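Hi everyone, thanks for coming. I'd like to walk you through one structure today, so please have a look at it while I talk.

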Amino acid sequence: MTATLPHLTSPLSADDQYQMYMDVLDRDSRTVPEVYRIKSPFPEVSMTVPASRYTSREFHDLEVEKVWKKVWQMACREEDIPTKGEYVIYDIAGISVIVIRQADGSIKAHRNVCLHRGRTLKEVDGKVDNFQCQFHGISWNIDGTLRNMPCKWDFPQVGDDWSLKGVKVDTWGGFVFINLDPDCEPLLDFLGDMPKQFEKWPLEKRFKQVHVAKVLRCNWKVAQEAFMESWHVVATHSQLLPGIGDIVATYDTFGNFSRAITPNAVPSPHLNWQPTEQEMFDALTDRNLDEPVNAIPDEITAREHIANNRRNHLQNELGEAAQELSDAEMLDSMVYTLFPNLHPWGSYNRTLYRFRPYGNDPSMCIMECMILSPYEGDDRPHGAKMHMLGVDDDWTDAPELGLLTRVFNQDGYNMPMVQRGLESDSLQEVTFAEYQETKIRHFHSVLDEWIK
Ligand code: FES
Ligand SMILES: [Fe+2]
């Protein structure tokens, strides 16, 4: 059935947006999982936050003390450290943590600092039998216990229990989370219903096929908030409008996480013309005007065509069950945000974002994109090494991200300009849309709870 939507002739309410997406789901060629229809709006409708939240060193320091030192945060994937002694360094706001696989298959994390005079133990990821500090050679076992100490006689104050400073670790969905607060709540309590909402699409059945990071000239919240609503498509990615129902998106919040679902191969109601099915397909597949048309078959919608292709592709991994998957699961962008900074996409989409401050500079951050792909057999492949892009590199220098690179470049043009405006001392507050910026308001409301 065609994906015609009413053109935008009057203001939309949150209920209108929700209902427009429910209408898309009602036209699905298969049964859509109930999780798509959950309606859980954020109750607070009006909110502004001080612009200094994105610019001031004081607010950054508050985030470090009250959030980064207290909250569960994704440090790496399990497949980054599959065998004994493999470790990853996770840096957050000047604090460095080593996450390392143990002999019994468990995972431990230690502060990346020598207990003697404070030298960082490791600067790059790798595999070790022990951690030997390069300054005076004191070494620790991979479980953090003291291994060897030259001139130990000269340290009568040091006992055999001089272990590295431990950091809490837990796992979910193939992710390794760490928490610097020894008194933190259990990870599963923090996640709430999130594992249940991912039950049908278990992220532990994926491996990190691609990992790209880039330094950006903006606060980490400016960067992540650019990915928490779909209505900027109208100006920032207008080439996509024939194929994205930008203002047909739904927004929901649940405890410490939120989500947005934006339908694809559905035209934007912002358009004052009805695109053909081919035009919707071309927009979504980023066809340049001088490229040959990849014609979709007659008598079929762009939505059905793309969904059929993806079902057939997934048949390799899922067998015949792939043919039962709904068009929504094959097409729509379901982007979750787990406080404070993790953005895994739901369903069979493989994208994930993470955002972090760049050291302790409130005007710089690191954005990462990972592609979490399914794999065959029982052994999860080793996770891809991180491909680091510098602040002046272009996203297209990471071709492994495919079509995402050009979209990221468009987002990337806004971010430093937002930061510049916020730092210009011209704006006291930032204001948010009632419905379409639900995820951002939810984030700041959870942040308020942590920093109070
Ligand atoms: S600082 Fe590490 S052994 Fe001295
Ligand atoms: Fe964008």
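I'll go through the core, then a small sheet, then a couple of helices, and finish with some backbone oddities. One thing before we start: this is a predicted model.

Okay, the core. The largest nonpolar core has 98 residues. Within that set, A75, V99, I178, A223 and C365 touch the most other members. Which strand gives the most to this core? That's β18, residues 361-374, and it puts in seven residues. The core also draws on two domains, with at least three residues from each. Domain 1 covers 14-57 + 193-451, and domain 2 covers 73-183.

Let's zoom in on A75. Leaving aside residues up to four places away in sequence, A75 touches V88, Y90, V97, V99, A109, V176, F177 and I178. You may recognise two names there: V99 and I178 are also among the residues with the most contacts in the core.

Now the small sheet. As a bit of background, strands in a sheet pair through backbone hydrogen bonds, and they can run parallel or antiparallel. Here we have an open sheet of three strands, in the order β7-β8-β9, and the pairing is antiparallel. The edges are β7, at 130-132, and β9, at 146-148, since each of those pairs on one side only. From one strand to the next, the twist averages 35°. If you look at β7 and its partner β8, residues 139-141, you'll find three bridges joining them. And if you want a spot to point at, F131 stands opposite W140 in β8.

On to the helices. V233 is found in helix α6, residues 233-236. Is V233 buried or exposed? It's buried, because 22 other C-beta atoms lie within 10 Å, and the cut-off for buried is 20 or more. Not counting residues up to four places away in sequence, V233 touches L240, L241, I244 and D246. Now compare that with L187: V233 and L187 are 46 residues apart along the chain, and their C-alpha atoms are separated by 34 Å.

Next, helix α7. Its buried residues are E277, M280, F281, D282 and A283. What covers them includes α8. Just after α7 comes D286, with a positive phi of about 60°.

That brings me to the oddities. Most residues other than glycine have a negative phi, and most peptide bonds are trans. So let's see where this model does something else.

E299 isn't a glycine, and its phi is positive, near 65°. You'll find E299 in the loop between α7 (277-284) and α8 (302-318). E299 counts as exposed because there are 7 other C-beta atoms within 10 Å, and exposed means 12 or fewer.

S347 also has a positive phi, about 60°, without being a glycine. S347 sits in the loop between β16 and β17 (351-358). This one is buried, because it has 21 C-beta neighbours inside 10 Å.

Last one: where is the cis peptide bond I want to show you? Look from F339 to P340, where omega is near 0°. P340 is in the loop between β15 (333-338) and β16 (342-344).

That's my tour. Thanks for listening!

How values were computed
Residues are numbered from 1 along each chain as its sequence is written. Chains are lettered from A and ligands numbered from 1 in the order in which they are written. This is a predicted model: local features need pLDDT of at least 70, side-chain atom pairs count only at pLDDT 80 or more; totals for chains, interfaces and linings use all residues. Helices (H or I, at least four residues) and strands (E, at least two) are DSSP runs, numbered from the N terminus. Two strands pair if DSSP finds at least two bridges between them. Axes are lines fitted to C-alpha atoms, for helices over the stretch in contact, and angles run from 0 to 180 degrees between N-to-C directions. A nonpolar core is a set of buried Ala, Val, Leu, Ile, Met, Phe, Trp, Tyr and Cys residues joined through C-beta atoms within 7 Å. Domain bounds come from an automatic or database domain assignment. Two residues are in contact if their C-beta atoms, placed from the backbone, lie within 7 Å.
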